[in-house]
Structure formats: structure tokens, C-alpha cells
Amino acid sequence: MRKIAFFAFRGNEMCFAHLLLNALDLDSKGIKALIVMEGEAVQLLKPLEESKNPLYLKAKEKGLFDCICRACSAKLGCLEFNETTGIPLKGDLQGHPSMEQYLAQGYEIITL
């Protein structure tokens, strides 16, 4: 089975909407897709939760969110909120999620 890990870095909601569309599309076609929230993207969770964004909620319901970066959440002042989302926070690479762990599991990595 093909596996894709999307690393979202940009804090642009429109760009992130395209990531969600693609992750959901891959999932619907039997391709394992995961989303890792990194960089400025960690700030998107609050507005997406509060607006009840349907793409975000669908991806969350399907379990496509693997984790949120702990270090970026702390640095950008959204750690407390992100801890309430139900999405795990990871930081095994100096506070950030490690791409190596996904490569070791056979994931292709796409960054946006």
C-alpha cells in the first residue's frame, strides 16, 4: 500500500485547504495519508476548530491528523489550545516531529 505523509508548514488557510482536499482524496482511493502540522501551520487549528471547517472536521474524523509539532506550538503561543484538539503533539526531533520516522515506515513525504 502506498503511504503519504503531508507535512503542513505554511500558515495560509487556502493552501491548507488544498492539503486537506488531497489527503481526503488519497484516503478515499485507498492510499494511506497522514497530516503532520508543523511551523506556522500549527496556528491554523484554532480557526479551523472554531469555524467548524468541514474539510478539517472530515479529515480529523477519519484520523488523518497524525500529530502537531510541540515546539512550534509553544513558540507560536498556541500550545495550550492545540493540546485540546485531541490530535497528539510530538517532538522527538528537538521538539519537532521527525521526518525520519515516517520514512522508516515507508511514507513518501510531501511538504506544503
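**Note on the predicted model**

1. Asp 27 touches Lys 62 and Leu 64, when residues up to four places away in sequence are set aside. With Lys 62 there is also a polar contact, in which the two side chains are joined at 3.4 Å. Asp 27 belongs to helix α1, and its relative accessibility of 24% places Asp 27 in the partly exposed class. Ile 109 lies 82 residues from Asp 27 in sequence, and the two C-alpha atoms are 15 Å apart in space. The reader should bear in mind that this is a predicted model.

2. The helix that carries Asp 27 deserves a description of its own. Helix α1 covers residues 13-28, which makes 16 residues. From its first C-alpha to its last, α1 reaches 22 Å, close to the 22 Å expected at 1.5 Å a residue. At the N-terminal end, α1 is capped by Asn 12, which has a side-chain oxygen 2.9 Å from the backbone nitrogen of Met 14. After α1 comes Gly 30, with a positive phi near 80°.

3. Which residues of α1 are buried? They are Cys 15, Phe 16, Leu 19, Leu 20, Ala 23, Leu 24 and Leu 26. Residues three or four places apart in an α-helix point the same way, because there are 3.6 residues a turn. The buried residues of α1 pack against three strands and two helices by name: β1, β2 (32-37) and β3 (65-69), together with α2 (45-50) and α3 (54-61).

4. The sheet is open and consists of five strands, ordered β4-β3-β2-β1-β5, with parallel pairing. Because β4 and β5 (108-111) stand at the edges and each has a single partner strand, one side of each is left without a neighbour in the sheet. Strand β1 is largely enclosed by the rest of the structure, because five of its six residues are buried.

5. Two of the strand pairings can be described in detail. Strands β1 and β2 pair in the parallel sense over six bridges; Ala 8 has Met 37 in β2 as its bridge partner. Strands β3 and β4 also run parallel, and two bridges join them. Here Cys 69 is partnered by Lys 90 of β4.

6. How many aromatic pairs does the structure hold? There are five. In one of them, the rings of Phe 7 and Tyr 102 have centres 5.5 Å apart and planes at 90°, so this pair is edge-to-face. Phe 7 lies in strand β1 (residues 3-8) and Tyr 102 in helix α6 (residues 99-104), so the pair ties together parts that are 95 residues apart in sequence. Both Phe 7 and Tyr 102 are buried.

7. Another edge-to-face pair is formed by Tyr 56 and Phe 65, so classed because the ring planes stand at 65° and the centres are 5.3 Å apart. Tyr 56 is buried, at 0% relative accessible area. Phe 65 also counts as buried, at 8% relative accessibility. As for wider grouping, one aromatic cluster is made up of Phe 7, Phe 9, Tyr 102 and Tyr 107.

8. The cysteines need a word, since the structure holds zero disulfides. The nearest cysteine sulfur to Cys 69 is that of Cys 72, 3.6 Å away, and Cys 69 is in no disulfide. A disulfide would require the two sulfur atoms to be within 2.5 Å. Cys 69 is buried, with a relative accessible area of 0%. Cys 78 is likewise in no disulfide; its nearest cysteine sulfur, that of Cys 72, is 8.7 Å away. Cys 78 is buried, with 12% relative accessible area.

9. A last point concerns a loop residue. Where does Ser 98 lie? Its place is in the loop between β4 (89-90) and α6. Is Ser 98 buried or exposed? Its relative accessible area is 10%, and Ser 98 is buried. With neighbours within four places in sequence left aside, Ser 98 is in contact with Asp 92 and Leu 93.

Note on methods: Residues numbered from 1 in each chain as written. Predicted model: local features only at pLDDT ≥ 70, side-chain atom pairs only at ≥ 80, totals over all residues. Heavy atoms only, no water. Buried < 20%, exposed > 50% of the residue type's maximum accessible area, 1.4 Å probe, protein only. Phe/Tyr/Trp six-rings, centres within 6.5 Å; stacked < 30°, edge-to-face > 60°. Helix = DSSP H or I, 4+ residues; strand = E, 2+ residues; numbered from the N terminus. Expected span 1.5 Å × (residues − 1). Contact = heavy atoms within 4.5 Å. Polar contact = N/O pair within 3.5 Å; in protein donor to acceptor, adjacent residues only side chain to side chain. Pairing = 2+ DSSP bridges.
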